[in-house]
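Please look through the structure below, and keep it open while reading, since the paragraphs that follow move from one part of the chain to another.

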Amino acid sequence: MKKILFASAECAPFVKTGGLGAVVGSLPKQLNHKKYDVRVVLPGYHCIDKKWRDQMETVVTFPMYLGWRMQTVTVKTLSYEGIIYYFIENNFYFCGDSPYYDMWVDIEKFSYFSKAVLEMLSYLDFEPDIIHCHDWQSSLVPVFLKAFYCADPFYRNIKTVMTIHNLKFQGITEIDRLKDITGLPDDMFTYDKLEYNNSANLLKGGLVFADKITTVSKTYAEEIKQPEYGEGLDSVLQHRSDDLCGIVNGIDYDIYNPSTDEYIPCHYDDKTFDKGKKKNKASLQAKTGLPKKRTAFTLGIVSRLTEQKGFALFSYMMERLMKKPVQLYVLGDGEEEYRNMFLSYQEQYPDKVYVQLDYTDEMAKYIYAGCDAILMPSRFEPCGLCQLMSLRYGAVPIIRKTGGLKDTVSIYNPKSKTGTGFGFTDYNAEGFLDAILAALDVYKKNPEEWKNLTAKGMRKNYSWKASSRKYEKLYSDL
């Protein structure tokens with residue numbers, strides 16, 4: 001039986017701020033447990049809910065050097081849904097009410113985490129064949145493995161996989177500071193290793209030293225090798241292109257299931273969705289206080305409110321959109337500019353716009369179940385999970401054709417009557433508005449075709465089944 005250790009800054013249900021936590025919380029459970037002993041290690045943040053912390057048992061406590069610093073590492077564990085989880089605790093690094101602070105603090109914190117992941121292995125009855133690292137927060141694992149541990153027989157045969165969930169976030173700091181924090185030798189800070197524009201780049205180090213690199217969709221794997229999407233690392237990814245692949249994310253179909261979802265008022269499936277979604281639309285309107293209009297074309301946004309997600313486009317087309325028979329439901333938090341923008345739209349169009357800035361799973365499910373369509377005009381999108389959830393709940397995705405959105409949503413063709421959503425290519429407001437109006441046109445003028453479109457989307461399978469088999473092949477190849 002092969003042994004796989006996932007190393008991540010987030011993992012649902014313990015800590016999740018976005019897609020990273022959702023993926024790491026789902027994928028290990030979907031792998032073949034007859035072939036793979038899969039475990040997960042993450043920081044033991046104090047902000048993890050007490051109900052989980054009370055279940056943790058201490059495995060070992062030991063001292064560890066991080067550069068010149070002597071720090072204590074406490075490893076705790078619990079088992080949940082057939083997976084063993086390890087939590088690395090340290091009161092200095094992981095106290096507070098949030099998993100992340102500013103980059104200055106987080107660079108040292110996750111350098112500590114990456115080294116502790118490797119150090120703890122010699123104290124555990126678990127010797128992984130592969131350590132699967134996720135995003136920049138665990139990207140020093142392959143670096144430390146190469147620099148400090150590769151001569152040790154215990155570590156010599158460990159392989160590493162580095163998964164990019166979002167290339168925009170890289171962990172960049174001064175070279176001298178990272179040398180001081182990590183104790184890494186000078187030869188690790190050359191242009192072909194961690195050096196990046198006269199700074200140190202943690203993610204770059206992981207991409208250089210990992211045995212394999214994955215990202216979360218085929219299209220994004222190609223995009224990031226180009227300067228437009230490469231965030232300054234396109235040349236590194238071009239160099240490692242033979243070891244880079246894209247595997248689209250999935251979602252947990254037990255959690256996202258409109259026929260059993262405890263949060264939505266009316267259950268339905270791909271055969272009963274017409275009545276079910278109408279009832280859920282009425283419930284959504286009642287819950288939010290917007291007018292109960294059965295004929296309104298309800299549009300949903302469930303997202304971080306950031307520039308990446310394409311929300312700047314609204315300022316160029318919102319007035320024209322609001323002249324149409326639509327309602328807009330916005331759920332999510334993020335950058336102040338977009339928080340204020342959507343709040344101002346709510347004030348300006350109180351009968352058409354509802355905004356909730358504090359995310360809850362319940363409200364997200366209400367929107368998926370009650371909306372006719374979901375908007376995702378992303379400037380770039382590594383994979384996206386929202387469109388997978390919206391398809392599952394019969395809310396037609398309206399997307400920009402980029403990254404994982406392009407891979408998972410086929411664009412409606414009125415002649416062949418194929419497709420599962422609507423989309424636009426160039427990043428501009430006119431294309432976005434045209435895609436919304438094309439969807440509205442089908443919804444209003446051809447309701448039977450809209451039902452067919454909805455049903456086809458619901459019947460698509462974006463569970464983890466297919467993707468997990470691809471990860472298993474990657475592990476086997478290693």
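A cavity, in the sense used here, is a set of grid points where a 1.4 Å probe fits but cannot get out. The model in view is a predicted one, and when the rule for cavities is applied to it, the count comes to one cavity of 30 Å³ or more. This largest cavity has a volume of about 40 Å³, and the residues that line it are Tyr256, Tyr359, Asp361, Ala364, Lys365, Tyr368 and Met389. Helix α12, which spans residues 361–370, gives the largest share of that lining, namely four residues. Sorted by class, the lining of the largest cavity holds five nonpolar residues and two charged ones, with no polar residue.

An open space can be described in a similar way. The second largest pocket holds about 400 Å³ of space, and 16 residues line it, with Asp274, Lys278, Asp372, Tyr443 and Trp450 lying nearest its centre. Three helices, α9 (273–288), α15 (429–445) and α16 (447–459), each supply at least two residues of this lining. By class, the lining of the second largest pocket comprises nine charged, four nonpolar and three polar residues.

The next step is to place these parts along the chain with the help of a record. UniProt, in an unreviewed entry, places a feature called "domain: Starch synthase catalytic" at residues 3–239. Over that stretch the chain is 31% helix and 27% strand, and the C-alpha atoms at its two ends are 29 Å apart. The unreviewed entry in UniProt also lists residues 291–448 for "domain: Glycosyl transferase family", and over these residues the chain is 40% helix and 18% strand, with end C-alpha atoms 25 Å apart.

Within residues 3–239, strand β6 is a good place to pause. Where do the residues of β6 point, one way or the other? Ile130, His132 and His134 point one way from the strand, whereas Ile131 and Cys133 point the other way, and all are buried. Because five of the five residues of β6 (residues 130–134) are buried, this strand is largely enclosed by the rest of the structure. Its partners can be traced in turn: β1 and β6 run parallel and are joined by four bridges, with isoleucine 4 standing opposite isoleucine 130 in β6. Strand β7 (residues 159–164) also runs parallel to β6, and five bridges join the two; here isoleucine 131 has threonine 160 in β7 as its bridge partner. Together with helix α4 (residues 140–149), β6 and β7 make a right-handed β-α-β unit.

A comparable walk can be taken around strand β17, within the other annotated stretch. Strand β17 (residues 396–400) is mostly covered, with five of its five residues buried. Val396, Ile398 and Arg400 point one way from β17, while Pro397 and Ile399 point the other way, and all are buried. Strand β16 (residues 373–376) runs parallel to β17 and is joined to it by four bridges, and isoleucine 374 stands opposite proline 397 in β17. Between β16 and β17 the chain crosses through helix α13 (residues 386–392), and this β-α-β crossover is right-handed. β17 also pairs in the parallel sense with strand β18 (residues 422–424), over three bridges, and arginine 400 stands opposite phenylalanine 424 in β18. With helix α14 (residues 403–408), β17 and β18 make a right-handed β-α-β unit.

Some loop residues also deserve a careful look. In the loop between β1 (2–7) and α1 (19–30) lies lysine 16, which UniProt lists, in an unreviewed entry, for "binding site". Is lysine 16 buried or exposed? Its relative accessible area is 39%, so lysine 16 is partly exposed. Proline 13 has its place in the loop between β1 and α1, and the peptide bond leading to it from alanine 12 is cis, with omega near 10 degrees.

Two residues have backbone angles worth checking. Glutamate 81, in the loop between β4 (69–80) and β5 (83–89), has a phi near 50 degrees, a positive value in a residue other than glycine, and with a relative accessible area of 48% glutamate 81 is partly exposed. Lysine 417, in the loop between α14 and β18, has a positive phi of about 55 degrees although it is not a glycine, and lysine 417 is partly exposed, with a relative accessible area of 40%.

Notes: Residues are numbered from 1 along each chain as its sequence is written. This is a predicted model: local features need pLDDT of at least 70, side-chain atom pairs count only at pLDDT 80 or more; totals for chains, interfaces and linings use all residues. Side-chain values use heavy atoms; hydrogens and water are left out. UniProt positions are given in the numbering used here, feature names are shortened, and annotations may be inferred rather than shown by experiment. Buried means under 20% relative accessible area, exposed over 50%, partly exposed in between (1.4 Å probe, protein chains only). Two strands pair if DSSP finds at least two bridges between them. A crossover is right-handed if, with the strands pointing away from the viewer, the path from the first strand over the helix to the second runs clockwise. On a 1 Å grid over the protein atoms alone, a cavity is a set of points where a 1.4 Å probe fits but cannot get out, and a pocket is an open set with protein on both sides within 12 Å along at least five of seven lines; lining residues have an atom within 4 Å of a point. Grid points are joined across faces, edges and corners, and a volume is the space filled by probe spheres set on the points. Ala, Val, Leu, Ile, Met, Phe, Trp, Tyr, Cys and Pro count as nonpolar, Asp, Glu, Lys and Arg as charged, and the others, Gly among them, as polar.
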